Amino acid sequence: MKRITLLMMSAALWSACNSNHESKNQSVVDSLKAKPATSRVNVLKLSGSTTIAPLAQKVAGYFRMQNDSFDIIVTEGGSSVGIADLEKGTTDIAMSSRDMNEAERRKFTETNHPVTEVKIADDALAVVIHPGAGVEKITREQLEKVFSGEVTNWKQLGGKDIKIMLISRESSSGTYEFFKEAVMKKKEFTTLAMFEHTNGAVINKVSNTIGGVGYVGLAFINDKVKALPVCFDGKNYIAPDIKHVKSKTYPLARPLFFIYQNTSAAKVKTFVDYLLSADGQKEVEAIGYVSIK
């Protein structure tokens with residue numbers, strides 16, 4: 001499985017977010033300068049969700065300006081990988097864009113390693129299409145038919161006569177699991193779907209594929225794709241934006257989590273508390289995610 005490691009040390013911290021992680025307000029971090037590391041460095045390792053990684057990376061940059069005895073390593077691989085790394089003891093914090101499942105919880109219980117799950121922000125999945133498809137909105141039932149392969153051309157949904165090209169996240173992704181449960185009702189994806197490792201890769205593929213459709217975290221939407229309002233109640237089409245997530249009217253909203261073993265609480269507390277502080281949550285919003293305060 002492809003894994004991308006971002007080592008946040010000194011000036012290299014500010015160039016770590018690559019083109020596959022394009023989120024809003026890149027300049028928020030680009031303008032900052034890191035302090036030199038001190039001789040007493042506390043290294044925190046974060047692993048998991050590719051949705052949370054850019055958020056963790058950027059907030060860590062601000063954090064380092066105030067706490068120059070810390071360095072933070074962010075490794076992507078998907079929510080499932082992060083939780084597995086936490087269970088193996090190879091990461092301090094698992095980044096997850098979904099709740100832990102029962103099998104995962106059982107492993108920690110059986111090994112007597114209780115964990116703490118901390119909600120750090122809210123997010124939402126946005127259904128994005130190539131702007132040339134000619135579709136302005138979509139229902140949950142239509143999405144299910146599209147991603148299961150029952151609907152194969154945009155003209156079947158009132159759009160142009162263009163073949164639908166499906167771009168999904170990989171199965172290790174919490175974004176994939178959330179979409180499958182909330183939209184597909186656990187129905188299987190068509191075998192014709194293409195699977196991408198990151199939100200940025202999905203955006204790039206959709207924007208460059210006539211007929212393309214995919215789903216990404218809210219912070220990754222850009223002007224090269226069209227984000228569709230979705231209808232889950234048979235009446236109201238709700239656009240994917242921060243306002244509708246905060247009002248709890250957008251049906252594909254979801255929480256984002258940091259998960260850590262209780263034995264690591266003292267080590268991770270300073271960074272977690274900073275992210276949950278008023279200043280940390282302001283940065284969450286500035287980067288393009290949804291604050292919880």
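This report walks through the fold, strands, helices and pockets of the structure above.

**Overall picture**

The model is a predicted one. Its secondary structure amounts to 10 helices and 13 strands. Of the 293 residues in the protein, 55% are buried. Looking at contacts between residues at least 6 apart in sequence, 75% join residues at least 24 apart.

**Strand 5 and its partners**

Let us begin with strand 5, residues 115–129. Here 11 of the 15 residues are buried, so strand 5 is largely enclosed by the rest of the structure. As general background, strands of a sheet pair through backbone hydrogen bonds, either parallel or antiparallel. The table gathers the pairings of strand 5, with one residue pair for each.

| Partner of strand 5 | Sense | Bridges | Example of residues paired |
|---|---|---|---|
| Strand 13 (residues 253–261) | antiparallel | 9 bridges | Threonine 116 opposite tyrosine 260 |
| Strand 9 (212–217) | antiparallel | 5 bridges | Alanine 126 with valine 216 |
| Strand 10 (residues 226–227) | antiparallel | 2 bridges | Isoleucine 129 opposite lysine 226 |

Aspartate 122 also belongs to strand 5. Is aspartate 122 buried or exposed? Its relative accessibility is 14%, and aspartate 122 counts as buried because the cut-off for that class is under 20%. Which residues does aspartate 122 touch, leaving aside those up to four places away in sequence? They are Val245, Arg254, Pro255, Leu256, Tyr289, Val290 and Ile292. One of these, arginine 254, is 132 residues away along the chain, yet the two C-alpha atoms are separated by 5.9 Å.

**A three-stranded open sheet**

Elsewhere, an open sheet of 3 strands runs in the order 6-11-12, with mixed pairing. Strand 6 and strand 12 (237–238) stand at its edges with a single partner strand each, so one side of each has no neighbour in the sheet. Strand 6 (138–139) and strand 11 (230–231) are parallel to one another and pair over 2 bridges. Within this part of the structure, isoleucine 138 sits opposite valine 230 of strand 11.

**Helix 5 and its surroundings**

Helix 5 covers residues 140–148, and its buried residues are Arg140, Leu143, Glu144, Val146, Phe147 and Ser148. In general, an α-helix has 3.6 residues a turn, so residues three or four places apart point the same way. What do the buried residues of helix 5 pack against? Their neighbours are strand 5, strand 6, strand 7 (165–169), helix 6 (174–182), strand 9 and strand 11. Helix 5 is followed by glycine 149, which has a positive phi near 95°.

Phenylalanine 147, one of the buried residues of helix 5, also offers a link to a loop. Threonine 191 is found in the loop between helix 6 and strand 8 (194–196). Although threonine 191 and phenylalanine 147 are 44 residues apart in sequence, their C-alpha atoms are 9.5 Å apart in space. Threonine 191 has a relative accessible area of 78%, and it is exposed because that class begins over 50%.

**Helices 9 and 10**

Towards the later part of the numbering, how do helix 9 (residues 265–276) and helix 10 (residues 278–287) meet? Their axes come within 4 Å and cross at roughly 65°. On the helix 9 side the contact is made by Tyr274, Leu275 and Leu276, while helix 10 brings Ala278, Gly280, Gln281, Glu283 and Val284. By class, this contact has 5 nonpolar, 2 polar and 1 charged residues.

**Two pockets**

Rolling a probe the size of a water molecule over the atoms shows where empty space is left. The largest pocket holds about 300 Å³ of space. Its lining consists of Arg98, Asp99, Met100, Asn101, Gly174, Glu177, Phe178, Lys180, Glu181, Ala182 and Lys186. These lining residues divide into 3 nonpolar, 2 polar and 6 charged.

The second largest pocket has about 170 Å³ of space. Around this pocket stand Val146, Gly149, Val151, Thr152, Lys163, Ile164, Met165, Leu166, Thr190 and Leu192. Here the lining has 6 nonpolar, 3 polar and 1 charged residues. Two of its residues bring us back to helix 5: Val146 is among the buried residues of that helix, and glycine 149 follows it.

Methods
Residues are numbered from 1 along each chain as its sequence is written. This is a predicted model: local features need pLDDT of at least 70, side-chain atom pairs count only at pLDDT 80 or more; totals for chains, interfaces and linings use all residues. Side-chain values use heavy atoms; hydrogens and water are left out. On a 1 Å grid over the protein atoms alone, a cavity is a set of points where a 1.4 Å probe fits but cannot get out, and a pocket is an open set with protein on both sides within 12 Å along at least five of seven lines; lining residues have an atom within 4 Å of a point. Grid points are joined across faces, edges and corners, and a volume is the space filled by probe spheres set on the points. Ala, Val, Leu, Ile, Met, Phe, Trp, Tyr, Cys and Pro count as nonpolar, Asp, Glu, Lys and Arg as charged, and the others, Gly among them, as polar. Axes are lines fitted to C-alpha atoms, for helices over the stretch in contact, and angles run from 0 to 180 degrees between N-to-C directions. Contact means heavy atoms within 4.5 Å. Buried means under 20% relative accessible area, exposed over 50%, partly exposed in between (1.4 Å probe, protein chains only). Two strands pair if DSSP finds at least two bridges between them.
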